[in-house]
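Me: Got a minute to go through a structure with me? I'll throw short questions at you.

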Amino acid sequence: MSGFRIASANFAPTPKRKPTKSKDYLAFIHELPCCVTGRYGVEAAHLSFAMPRFGHYGRGKSSKVSDRWALPLCADEHRRQHSMSEEVFWFGRSPHILALTIHGLWSDLGEDAASFAAAVINQQLQERI
């Protein structure tokens, strides 16, 4: 038998920490195209369904998630997101990966990140055609 060990999967289902909020990051999100339609004039739509493998543990009772999990959605798509199960709304997409990618670009590139993030969104839109 080899010497490999598997890390324990015992972890708290929701970390006990307030979500990180950033007005600057939300302003950045508003500069981007909608990640569903490609249209501009978006709202910051927060992912609320958990995906622990990406470090997203969902919402706690009567709390919001970190702004890291915000994605740009046009008003129509944002309303649609809230009118149904989020898992159904995002089916066939990878919203957690996209949110982490966009947040990473903003963290690394600051003011220069918008064009790179828009390119990532547009690439994903093209792949869905």
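Here is the chat about this predicted model.

Me: What's the order of helices and strands along the sequence?
Reply: The pattern runs α-β-β-α-α-α-α, with 5 helices and 2 strands in the chain.

Me: And how much of the chain is buried?
Reply: Of its 129 residues, 34% count as buried. The chain exposes about 8,500 Å², and carbon and sulfur atoms supply 55% of that area.

Me: What share of the contacts links residues 24 or more positions apart?
Reply: Taking contacts with a separation of 6 or more, 70% come from residues at least 24 positions apart.

Me: Switching to cysteines. How many disulfides are there?
Reply: The count is 0.

Me: Why no bond for Cys34?
Reply: Because the closest cysteine sulfur, in Cys74, is 3.9 Å from the sulfur of Cys34, which is too far for a bond; the cut-off is 2.5 Å. Cys35 is in no disulfide either, and its nearest cysteine sulfur, that of Cys34, is 5.5 Å away.

Me: Are those two, Cys34 and Cys35, buried or exposed?
Reply: Cys34 is buried at 0% relative accessibility, and Cys35 is buried with a relative accessible area of 8%.

Me: OK, rings now. How many aromatic pairs turn up?
Reply: Searching the whole structure gives 3. One of them is Phe89 with Trp90, an edge-to-face pair at 4.9 Å centre to centre with 90° between the planes. Phe89 and Trp90 are both buried.

Me: Which residues do ring pairs link into a cluster?
Reply: Tyr25, Phe28 and Trp106.

Conventions
Residues are numbered from 1 along each chain as its sequence is written. This is a predicted model: local features need pLDDT of at least 70, side-chain atom pairs count only at pLDDT 80 or more; totals for chains, interfaces and linings use all residues. Side-chain values use heavy atoms; hydrogens and water are left out. Rings of Phe, Tyr and Trp (its six-membered ring) pair if their centres lie within 6.5 Å; planes under 30 degrees apart count as stacked, over 60 as edge-to-face and the rest as tilted. Buried means under 20% relative accessible area, exposed over 50%, partly exposed in between (1.4 Å probe, protein chains only). Helices (H or I, at least four residues) and strands (E, at least two) are DSSP runs, numbered from the N terminus. Contact means heavy atoms within 4.5 Å. Accessible areas come from the Shrake-Rupley method with a 1.4 Å probe; for residues, only the protein chains shown count as cover.
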